[in-house]
Number of protein chains: 2
Amino acid sequence: MTASPVTRNVGIYIFDEVEVLDFAGPFEVFSTASRVKSRLYLNTLKPFEVFTIADAIRSIPARGGLMVNPNFDISNHPAIDCLIIPGGVVTAELKRDSIIEWIARISSKSTITASVCTGAFLLAKAGLLHGKNATTHWSDIEDLRAMFPDVTVQANIRWIEAGKVITSAGISAGIDMSLHLVAQLESEDLAVKTARQMEYKWSLS
Amino acid sequence: MTASPVTRNVGIYIFDEVEVLDFAGPFEVFSTASRVKSRLYLNTLKPFEVFTIADAIRSIPARGGLMVNPNFDISNHPAIDCLIIPGGVVTAELKRDSIIEWIARISSKSTITASVCTGAFLLAKAGLLHGKNATTHWSDIEDLRAMFPDVTVQANIRWIEAGKVITSAGISAGIDMSLHLVAQLESEDLAVKTARQMEYKWSLS
């Protein structure tokens with residue numbers, strides 16, 4: 001494990017009825033990875049800066065009633081290296097052209113674009129999964145196939161990489177995928193130490 | 001699995017520098033359990049009503065910068081059946097008499113009082129772990145022993161029940177403990193279905 005040459009910005013989109021663990025899992029992984037690395041190397045840059053983004057600066061009701069204040073809105077946020085699109089109830093988001101266009105635009109400049117759970121529907125709608133392998137929550141596999149026949153939807157897999165676009169299965173699979181991204185962007189060693197700090201049993205498949 | 005005779009209120013305390021997954025994991029488990037059961041039994045009462053509580057109605061900065069708006073404050077919240085005290089940086093909270101007294105008071109009337117990670121320090125300070133078995137994050141085991149010699153601190157265990165007070169190990173162990181509480185308060189079947197909905201590999205030990 002070496003000192004990070006850069007700090008990568010991890011932007012997590014949140015919206016009405018976003019699934020709590022879909023965004024909180026990746027938030028925990030990337031922020032804990034930064035903390036773990038900063039303890040090991042006193043003079044290192046923090047490897048990840050994590051923030052939430054919503055359509056506007058307003059209190060966002062996540063699924064079950066957790067209320068989250070986004071750090072930024074889509075018209076005014078730092079450059080995003082790693083864009084994370086969580087799932088939840090995405091029906092309304094799929095119909096919002098401004099959001100789908102924002103996802104496509106940010107993704108065109110990102111290093112990584114990743115979805116958790118039904119966030120895959122938003123990536124598909126933004127044209128990011130055309131001709132690619134992808135996955136989603138087990139209960140939504142058939143719907144994703146039916147709505148986006150140009151996507152090769154795979155079941156029974158924790159996450160799938162298709163170039164810079166990564167999709168993960170349901171809810172807690174976003175934690176496993178985020179640990180994989182820590183391994184890929186920083187080091188396997190930091191990912192293992194992050195999982196240990198979280199007392200999380202990392203599922204590689 | 002039968003219809004719930006009651007809805008149990010699950011109150012999760014949040015504070016400055018609370019660990020994100022410590023509160024978001026239990027929030028996800030109890031709210032998903034309610035959703036899963038409501039789908040199976042159309043006319044059932046929801047088994048759990050989950051909400052967050054803070055010292056005041058203000059935006060709470062969780063660890064890493066996630067901003068959460070509490071649903072209630074400690075002077076005005078519904079009765080709590082299941083009190084959840086997450087961890088994080090608890091140094092400041094340990095010095096706040098009003099918070100420690102609130103935890104002790106609510107716990108005297110709760111069905112269950114549970115901690116995640118370093119939340120165990122707050123339960124110990126509130127006198128709830130005197131003479132009892134308890135656990136915390138692996139890196140804080142020695143500190144908990146040193147600060148509270150009247151507590152029998154155990155390592156290498158996912159969670160420990162001591163009557164109605166339950167303590168869990170670090171961060172993601174709160175998810176496993178919450179699934180256990182769903183099994184205990186509702187049914188093993190609902191806990192298994194909740195873990196499956198979350199695509200979470202439930203650790204029983």
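**Figure 1. Helix H3 of chain A, checked by its length.** In this predicted model, helix H3 of chain A takes in residues 97–109. At 1.5 Å a residue, its 13 residues should span 18 Å, and the end C-alpha atoms sit 19 Å apart, which agrees.

**Figure 2. The two faces of H3(A).** Look here for Ile99(A), Ile103(A), Ile106(A) and Ser107(A), which are the buried residues of the helix. Viewed down the axis of H3(A), they fall within an arc of 100 degrees, so they line one face of the helix. The spacing is a familiar one: an α-helix has 3.6 residues a turn, so residues three or four places apart point the same way. On the face turned away from the buried side you will find the exposed residues Asp97(A), Ser98(A), Glu101(A), Arg105(A), Ser108(A) and Lys109(A). What does the buried side of H3(A) pack against? Its partners in chain A are strands S6 (82–85) and S7 (112–115), together with helices H2 (91–94) and H4 (119–125).

**Figure 3. The open sheet of chain A.** Here 7 strands line up in the order S5-S2-S1-S6-S7-S11-S10, with mixed pairing. Strand S5 (72–73) and strand S10 (159–162) are the edge strands, each pairing on one side only.

**Figure 4. Strand S11(A) and its two neighbours.** On one side, S11(A) runs parallel to S7(A), joined by 3 bridges; in this pairing Thr113(A) stands opposite Val165(A). S11(A), residues 165–168, also pairs with S10(A), this time in the antiparallel sense over 4 bridges. Across that pairing, Ile160(A) faces Thr167(A), and Glu161(A) stands opposite Ile166(A). S10(A) and S11(A) form a hairpin with 2 residues between them, and Gly163(A) in the turn has a positive phi of about 65 degrees. Val165(A) and Thr167(A) point one way from S11(A), while Ile166(A) and Ser168(A) point the other way, and all are buried.

**Figure 5. Leu123(A) and the nonpolar core.** The largest nonpolar core holds 134 residues, and those touching the most other members are Ile12, Ile14 and Leu123 of chains A and B. In soluble globular proteins, nonpolar side chains tend to be buried together. Leaving aside residues up to four places away in sequence, Leu123(A) touches Ile85(A), Thr113(A), Ser115(A), Leu128(A), Leu129(A), Val165(A) and Thr167(A).

**Figure 6. Two loop residues of chain B with positive phi.** Neither Glu17(B) nor Ile171(B) is a glycine, yet each is worth a close look. Glu17(B) has a phi near 75 degrees and lies in the loop between strand S1 (8–13) and helix H1 (20–40). Ile171(B) has a phi near 40 degrees, and its place is the loop between strand S11 (165–168) and helix H6 (173–185). Which of these loop residues is buried and which partly exposed? Glu17(B) has 16 C-beta neighbours inside 10 Å and therefore counts as partly exposed. Ile171(B), with 25 such neighbours, counts as buried.

**Figure 7. How chains A and B are related.** A turn of 180 degrees and a shift of 0.0 Å along the axis lay chain B on chain A with an RMSD of 0.0 Å. That is the relation of a two-fold axis. Val68(B) is the residue of chain B that comes closest to the rotation axis, its C-alpha lying at 2.3 Å. The copies meet through the same surface, because 100% of the interface residues of chain B are also interface residues in chain A.

Technical notes:
Residues are numbered from 1 along each chain as its sequence is written. Chains are lettered from A and ligands numbered from 1 in the order in which they are written. This is a predicted model: local features need pLDDT of at least 70, side-chain atom pairs count only at pLDDT 80 or more; totals for chains, interfaces and linings use all residues. A nonpolar core is a set of buried Ala, Val, Leu, Ile, Met, Phe, Trp, Tyr and Cys residues joined through C-beta atoms within 7 Å. A residue is buried if 20 or more other C-beta atoms lie within 10 Å of its own, exposed if 12 or fewer, and partly exposed in between; C-beta atoms are placed from the backbone. Two residues are in contact if their C-beta atoms, placed from the backbone, lie within 7 Å. The expected span of a helix is 1.5 Å times one less than its number of residues. The arc is that of the directions from the helix axis to the C-beta atoms. Two strands pair if DSSP finds at least two bridges between them. Copies are superposed by least squares on the C-alpha atoms of residues with pLDDT of at least 70 in both.
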